[in-house]
Amino acid sequence: MEVFWYIAIAIVLAVFFILDGYDFGAGIIHLFFAKKEKDKAVITKSAGLFWDSNEVWLVAAGGMLFMAFPTFYASVFSGFYLPLIIVLWLIIFRAIGLEFRSQFKYQMWKDIWDKSFGVSSLLLALFFGIALGNIVRGVNLGDVHHGVSAHEGHYFFLPLWNTSFSPLTDHPGVIDWFTIVIGIISVVTLAIHGANWVILKTNSSINNKLKGIIFKLNIVLTVLTLFSLYLWQIVNPNSLNNFVDKPFLLVFPIIYFIGLIGLFYRKKIKKDEYAFLYSTLLILGGITSSLASLFPVILPSVNPVNESLTIYNTAAPEYGLSVALNWGIIGFILLIVYFIVQKRLLSGKIDNMDYGH
Amino acid sequence: MEDMLFYDRLQFAFTITFHYIFPQLTMGLSLLIVFLKGKYLLSKIEKYNNAAKFLMNIFAINFTMGVVTGIPMEFQFGTNWAKFSELTGSVIGQTLAMEGMFSFFLESSFLALFIFGEKLMGQKLHFLTGFLVFLGSWASGWFILATNAWMQHPVGYEILENGKFVLNNFGDLFSNPWLLPAFLHNQMASVVTSSFVVASIGAFYVLRNKQVEYGKLFLKTGVIFGLVSSLLVAFPTGDWNAKNVAKHQPAAFAAMEGIFETEEAGSEIVLIGQPNMVDKKLDNKIAVPNILSFLTHQDWNKQIPGMDQFKEEELPSNIPALYYSYHIMVGLGTIFIGVMALALFFLIRKNLYTIKPLLWTIMFLVPFPYIANLTGWYTTELGRQPYLVYGLLKTSDGISPTVSSGNTLFTLLGFVALYMLLGLLFLVLVGKTINQGPTPQTH
């Protein structure tokens, strides 16, 4: 039952990163590449129409995590207190940028909210990558100092950084040279994904240019991916054990590399949907590979005193998990139905839509 | 440790207060929108459709604010109340996850369709999307109230040796005797807020002699819905809730009614007075004898336990705040009924639109239903203190063990600054929307 909910939450989280990922990415593209007002307006709209229905996947993931793994929820949310609250602030800034930009026609007003949307998208992409980096690196569970836990073994508190910015100390911070690399990978990945989205959903004048940009970003991403695998070996020498023990898990990294290789042919791909699919595989593969390398651990401990958090030692009791299955399945079916209805009704290029609004 | 608890509570109180400005409007407003849209479908008079779409624009601004201030609420269970989340997550995680999955999804998916999809879908489907938005927002209220009801009156659980609450009966979460009265009371109060907002916009248009056709429609709709909901808030739902508190939280009941001493033959109802916690009495009291006993038990002489019957630790931790919250809510609720009844009287005599003092009153009354809603929630929540789970888990035992007070103060200050900015933007946008009015603009 724990495994079922683990997979369910992983799927919901992956869907969140794929969906909200394209509007974060659109924000990054908007920040760096959109110069003309017409392009800015349409890119904002391509994110603005969808962000709130995309972010409900985050709310759903949060709720399910709370229900199925309350100990993990409590430990991680309080341990990553500062970065999480900062993420909340950024989400707020991004949302008001998207919603309020077109309310007044003054150029200054638009400029303010364009920057708010772009910069917060960029920082959020960075923070989500850093978060993933923290999860695979592990934390000092129990805040152990000189072999003694300061708290119960499943609680901890992470500073934003420590003075060495190194993941190899006993007290790693949120930001160090390992997590920052993962953060940059996340920014580059989402920028590619967002560029694909902009090409798919709009007739903006930079669409052709973006195809070239995707190619360049993809080279950067390939180099960073290989570099991060090397760093990962330093930070956690056992990171590949799961793949050796259970070779079928290799399907996840393969998904990632299919996406990566496919994107090199971006200019030749006729159907924009396929290109978008490749960057979707990239995100899906990246998240699932990271989770698979840890399974069944969900937060490694960097000290020998307290054991890592796993899906088994943080899960709610059996009765709650199985009773939730009944409504969970109905909920999942509904989510898929809403999703399809919404995407079908708002399909096609944004520029061509007539909202009667 | 004391600081820590204080900042955690202050941050939660501040962020939830600010958040609840928005859902209390959207829940009620969605009902009025469905009503107006339905009226258009039946009558085919364009006015009703424009009015519904106009109100949906106001709804959308509020919904966005509700979403961005709502996500922090869900996160804060983990960030600031980690111990509470760990101990009770397997119970209230159920209702909170259902809220995200069933209602929030429904509401936000179909809101975009309602706003952008009228031409794509045709009128009947457009009405249906509006109805689904309404359903989603009320279902959201239902699940949140179910969560709160469990904290007020825990059911369907057992406590393990390690102190964790474990769900053992899922159905009990929804048949909780606390839930239905609280839900109905809350939803009616939400209709009060939205009716007053709609009536206030109407009064504004009529007084300004602009968009008068819509002004009259909004006034009429707002006054009728406003009077019905104001009455329903008081009776039967408010009455039902008060009886629940008297039965399940008698100490909180004594404190909110301001009964310091038990009266042998029936308790008086306090209208005005200031709790004096040193002498354990009310200063400057105005009260009517025996009414409270009659209202609560339909028996003039039934004894109601006062605060003197309870031990110090059984009493709510902030008695004056609880007492004031409750009395402000009840006092305002009574005024609402009076004003709306008067307005309906003149509406029936067909001269409401010319009585300026009444229109000014209706226009400026708009902040007060918000205050009444919020103080109503304060009453519930202060009555529960010093517990998170009534009688079982102390608030001081629920906070995150590793987050220091300095960090919470930092984030609290951040939230205050950010929400001030949000509030300012919100007012500007709502003001702009109201100023434009419902008449379709010709491009």
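1. How far apart are the end C-alpha atoms of helix α4 (residues 82-116) of chain B, and what would a straight helix reach? This is a predicted model, in which local features need pLDDT of at least 70, side-chain atom pairs count only at pLDDT 80 or more, and totals for chains, interfaces and linings use all residues. Side-chain values use heavy atoms, with hydrogens and water left out; residues are numbered from 1 along each chain as its sequence is written, while chains are lettered from A and ligands numbered from 1 in the order in which they are written.

2. The ends of α4(B) are only 40 Å apart. A straight helix of 35 residues would reach 51 Å at 1.5 Å a residue (expected span: 1.5 Å times one less than the number of residues). Helices here are DSSP runs of H or I with at least four residues, strands are runs of E with at least two, and both are numbered from the N terminus. α4(B) has a kink of about 85°, centred on G89(B). The bend is the angle between axes fitted to the seven residues ending at a residue and the seven starting there. Burial is full: 35 of the 35 residues of α4(B) are buried, so the rest of the structure largely encloses this helix. Buried means under 20% relative accessible area, exposed over 50%, partly exposed in between (1.4 Å probe, protein chains only).

3. Aromatic pairs number 65 over all chains. The rule takes rings of Phe, Tyr and Trp (its six-membered ring) with centres within 6.5 Å; planes under 30 degrees apart are stacked, over 60 edge-to-face, the rest tilted. F215(A) and F264(A) are an edge-to-face example, at 5.7 Å centre to centre and 80° between the planes. The two are 49 residues apart, with F215(A) in helix α8 (residues 207-235) of chain A and F264(A) in helix α10 (residues 251-264) of chain A. F215(A) is partly exposed at 35% relative accessible area. F264(A) is partly exposed too, at 28%.

4. One aromatic cluster has members from both chain A and chain B, including W5(A), W327(A), F102(B) and W138(B).

5. Two lysines sit over rings. The charged end of K432(B) is over the ring of F104(A), 5.1 Å from its centre. K47(B) lies over the face of Y48(B), at 5.5 Å from the ring centre. The test is NZ of Lys or CZ of Arg within 6 Å of the ring centre and within 35 degrees of the ring normal.

6. Strands β3 (residues 269-276) and β4 (residues 281-288) of chain B pair in the antiparallel sense over six bridges (pairing needs at least two DSSP bridges). They form a hairpin with four residues between them. K280(B) in the turn has a positive phi of about 55°. N276(B) stands opposite K281(B). P289(B) follows in the loop between β4 and α11 (291-297) of chain B. This proline is exposed at 53%.

7. Two buried polar side chains deserve a look. H126(B), in helix α6 (residues 123-152) of chain B, is buried at 0%. A polar atom of its side chain lies 2.7 Å from the backbone oxygen of F114(B). N134(A), in helix α6 (residues 107-137) of chain A, is buried at 1%. The backbone oxygen of V174(A) lies 2.9 Å from a polar atom of the N134(A) side chain. A polar contact is an N or O pair within 3.5 Å; within protein, one atom must be able to donate a hydrogen and the other to accept it, and residues adjacent in sequence count only if both atoms are side-chain atoms.
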